[in-house]
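Let's take a walk through this one, starting from a single residue and ending up at a pocket. Have the model open and follow along.

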Amino acid sequence: MLRHFSTLGLTQARSSFNKTQTLWKPTSICLQQQRYAGHNKWSKVKHTKGAKDAKKSIMYSKMSLEIVSAARAGGIDPSVNNKLQAILNRAKAASMPKDNIENALKKASDKNKDDLESVQYECVGPGGIALIVEALTDKKSRTVKEVKEVLNRVGGSVSSVGYLFDKKGKVVFSPGESGHSFEQIMDNAIDCGAEDIEEDPEENLVEVICEFSDLNNVSKALMDHKYEVQEIEATYIPLSTVDVEDKDTAELVEKCLEDMDNLDDVVKIHCNAVVNQ
């Protein structure tokens, strides 16, 4: 069970943790009969579907892209490249083979390889849901073609929907060497600039949402507390959600998200759908 705390209740939480009101409680698969809306929860849903080995291969491939991108942007030394360090921590937690990691770092150092470009597509999916799809690619024409093919199969299209989301910063981390309880982490996260805090006890992870402009400062401050940061990135939080109650539409939404996630270049998907079951 995930626990989520907004800064609207965090000051009360400092003095009386048990009295803090839970304002919103998302989950990796289904909670309160809802799925998908929130901070890119599909990344967890995907691991429940299909052959595990195939899904791991896809996950490692996407992590390799992120390693290459982060290393080329900030250098291959993780001690001075916080984003690379975070991705390496996440790769280690996911049991990504050492050879895969080393190959990605070598590729990042190879000046003869094509540069990876970060691209983003705003889309309308089945049932009028809004999607923001993030990709890392060495050939934009290929990536946009593949994204459009997925959308065409479910009656969607590329269309401007960015105004339906609020761009924020996101940091995901474990207690690491700190040995801190969630209550201690919550206090420190508030001091670091967190707006929202979400705990996943099963994975022993904490997610912090902050202003996007504060992302670097917040992530560095959390690292200074000896927390093991696994993600430092932008996230797109829906300003409102679209309820999907029709069974056929729900199946199309699921197909859209799964097919999009299976594209080699796609690394993150954000959507505003809530599928009622």
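**From Q230 to the second largest pocket**

Start at Q230, which sits in strand 8. Bear in mind that you're looking at a predicted model. Is Q230 buried or exposed? With a relative accessible area of 8%, Q230 is buried, because anything under 20% counts as such.

Who keeps Q230 company? Leaving out residues up to four places away in sequence, Q230 touches A86, I87, N89, R90, A93, V172, F173 and L205. K92 is worth a look too: 138 residues separate K92 from Q230 along the chain, yet their C-alpha atoms are 9.4 Å apart.

Now stay with strand 8 and turn to the second largest pocket. Strand 8 (228-238) gives the largest share of the lining there, 6 residues. Other elements chip in as well: helix 3 (52-74), helix 4 (82-93), strand 2 (117-124), strand 3 (130-137), helix 8 (215-224) and strand 10 (266-271) each supply at least two residues.

In total, 30 residues line the second largest pocket, and K83, E134, I232, E233 and A234 are the ones that lie nearest its centre. By character, the lining splits into 14 nonpolar, 9 charged and 7 polar residues. The space inside comes to about 590 Å³.

Where does the second largest pocket lie with respect to the domains? Domain 1 (47-113) and domain 2 (117-276) both contribute residues to its lining, so the pocket lies between them.

Conventions
Residues are numbered from 1 along each chain as its sequence is written. This is a predicted model: local features need pLDDT of at least 70, side-chain atom pairs count only at pLDDT 80 or more; totals for chains, interfaces and linings use all residues. Side-chain values use heavy atoms; hydrogens and water are left out. On a 1 Å grid over the protein atoms alone, a cavity is a set of points where a 1.4 Å probe fits but cannot get out, and a pocket is an open set with protein on both sides within 12 Å along at least five of seven lines; lining residues have an atom within 4 Å of a point. Grid points are joined across faces, edges and corners, and a volume is the space filled by probe spheres set on the points. Helices (H or I, at least four residues) and strands (E, at least two) are DSSP runs, numbered from the N terminus. Ala, Val, Leu, Ile, Met, Phe, Trp, Tyr, Cys and Pro count as nonpolar, Asp, Glu, Lys and Arg as charged, and the others, Gly among them, as polar. Domain bounds come from an automatic or database domain assignment. Buried means under 20% relative accessible area, exposed over 50%, partly exposed in between (1.4 Å probe, protein chains only). Contact means heavy atoms within 4.5 Å.
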